[in-house]
Amino acid sequence: MHITASVFINDDESGLHNDFERWLEELAPEKLYSRYQHNGYEDNGDAHLKRTIMGREVTIAITNNDFDSGPWKQIFCKKKDGKGDRRMLVWDDWRIITLSW
Amino acid sequence: MHITASVFINDDESGLHNDFERWLEELAPEKLYSRYQHNGYEDNGDAHLKRTIMGREVTIAITNNDFDSGPWKQIFCKKKDGKGDRRMLVWDDWRIITLSW
Amino acid sequence: MHITASVFINDDESGLHNDFERWLEELAPEKLYSRYQHNGYEDNGDAHLKRTIMGREVTIAITNNDFDSGPWKQIFCKKKDGKGDRRMLVWDDWRIITLSW
């Protein structure tokens, strides 16, 4: 579970993804780095805040052995900075699943 | 699960609901529609962002066969635009329940 | 489950915690109290909004009978105003746990 990565569900549409990127940058700008007290050894203070907006986990139904996210939606796992390895947790009783990063 | 609908828990108080509406409109204004790249075939780019703030699912205790959300709180399911049908998932083992839209 | 308290996971680093406090105050200022319709009998309208950003529940893995939140991360339970008692729900099958306040 990498703390600057988010797991979220939304439409798989590139325009929307660009909207999210711009919006998150407005709400929690990456720079100036000195804006964040967290940015000493690291420089990813903004990524912690952006991830908080986007969320860390989702719950999703399983229908016919597949994620039931609807016709347009996908589960996304986006990392807000370039650091670290990733691990995904899956809680699965074949009815509803919880994913976190 | 409609992607512009949110499921959340908060006080059932009309002033607070108005505060949420105003606040979400400040954080992700509906207009100008051209502000969002997502707004081509659709015009609900803001609703995707607002829903991200409000959340998509909740976990709640069951006590004496009823939701245990406390004396003032309610579970709300609000749609951020006027589109589509709704479906609710319930994961229930009579201890804690997860709801998503 | 107190509605102005949040349960979230993030790094246990004081600079980051200060960044969160400042950021939440920017997104949902405490004052002027009259800014929020909710602030009549209560004055914690901002706390309801801040809590919405920070989240109300987390899902976390259990490894070797302990929370597996990684080397730096902790689960935090922060109350956004000074009101009320606290109760924590735990859904635990010793694989993944969901906490809410």
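Here is a chat about how the helices of this predicted model meet and what gathers around them.

Me: Let's start simple. What makes up chain A, and in which order?

Reply: Chain A has two helices and six strands. Going along the sequence, the pattern is β-α-α-β-β-β-β-β.

Me: How do you know how much of chain A is buried?

Reply: A residue counts as buried when its relative accessible area is under 20%. Of the 101 residues in chain A, 57% are buried.

Me: And which contacts in chain A join residues far along the sequence?

Reply: Take the contacts between residues at least 6 apart in sequence: 69% of them join residues at least 24 apart.

Me: Now the helices. Why are α1(C) and α2(C) called oblique?

Reply: Helix α1 (residues 14–27) and helix α2 (residues 45–54) of chain C pack at about 125 degrees, with axes 10 Å apart. Roughly perpendicular stops at 115 and roughly antiparallel needs over 145, so an angle between those limits is oblique. That's why α1(C) is oblique to α2(C). The crossing here is right-handed, by the way.

Me: Which residues do the touching there?

Reply: From α1(C) come F20(C), W23(C), L24(C), E25(C) and L27(C), and they meet K50(C), I53(C) and M54(C) of α2(C). By class, that contact has six nonpolar, no polar and two charged residues.

Me: What makes two of them charged?

Reply: Glu and Lys belong to the charged class, so E25(C) and K50(C) fall into it.

Me: Why are α1(A) and α2(B) oblique to each other too?

Reply: Helix α1 (residues 14–27) of chain A packs on helix α2 (residues 45–54) of chain B at about 55 degrees, and their axes are 10 Å apart. Roughly parallel means under 35 and roughly perpendicular begins at 65, so a value between these two is oblique. Therefore α1(A) and α2(B) are oblique to each other. They cross in a right-handed way.

Me: What meets what in that pair?

Reply: L16(A), F20(A) and W23(A) on α1(A) meet H48(B), L49(B), T52(B) and I53(B) on α2(B). Sorted by class, the residues are five nonpolar, two polar and no charged.

Me: What makes two of those residues polar?

Reply: His and Thr are in neither the nonpolar nor the charged list, so H48(B) and T52(B) count as polar.

Me: What about α1(B) and α2(C): at what angle do their axes cross?

Reply: Roughly 55 degrees, with the axes coming within 10 Å. That makes α1(B) oblique to α2(C). This crossing is right-handed. L16(B), F20(B) and W23(B) in α1(B) meet H48(C), L49(C), T52(C) and I53(C) in α2(C). The class count for this contact is five nonpolar, two polar and no charged residues.

Me: Which residues touch the most other members of the largest nonpolar core?

Reply: W23(A), I53(A), W23(B), I53(B), W23(C) and I53(C), out of 36 residues in that core. The elements giving two or more residues to this core are α1 and α2 in chain A, in chain B and in chain C.

Me: What does W23(A) touch?

Reply: Leaving aside neighbours within four places in sequence, W23(A) is in contact with I53(A), L27(B), A28(B), L49(B), T52(B) and I53(B).

Me: Last one: how do you know that the bond from K31(B) to L32(B) is cis?

Reply: Look at omega, which is near 0 degrees for that cis peptide bond. L32(B) sits in the loop between α1 and α2 of chain B. In chain C, a cis peptide bond joins K31(C) and L32(C), with omega about 0 degrees.

Notes
Residues numbered from 1 in each chain as written. Chains lettered and ligands numbered in written order. Predicted model: local features only at pLDDT ≥ 70, side-chain atom pairs only at ≥ 80, totals over all residues. Heavy atoms only, no water. Axes fitted to C-alpha atoms, helices over the stretch in contact; angles between N-to-C directions. Helix = DSSP H or I, 4+ residues; strand = E, 2+ residues; numbered from the N terminus. Left-handed = near helix turned anticlockwise from the far one by under 90°. Contact = heavy atoms within 4.5 Å. Core = buried A, V, L, I, M, F, W, Y, C linked by side-chain atoms within 4.5 Å. Buried < 20%, exposed > 50% of the residue type's maximum accessible area, 1.4 Å probe, protein only.
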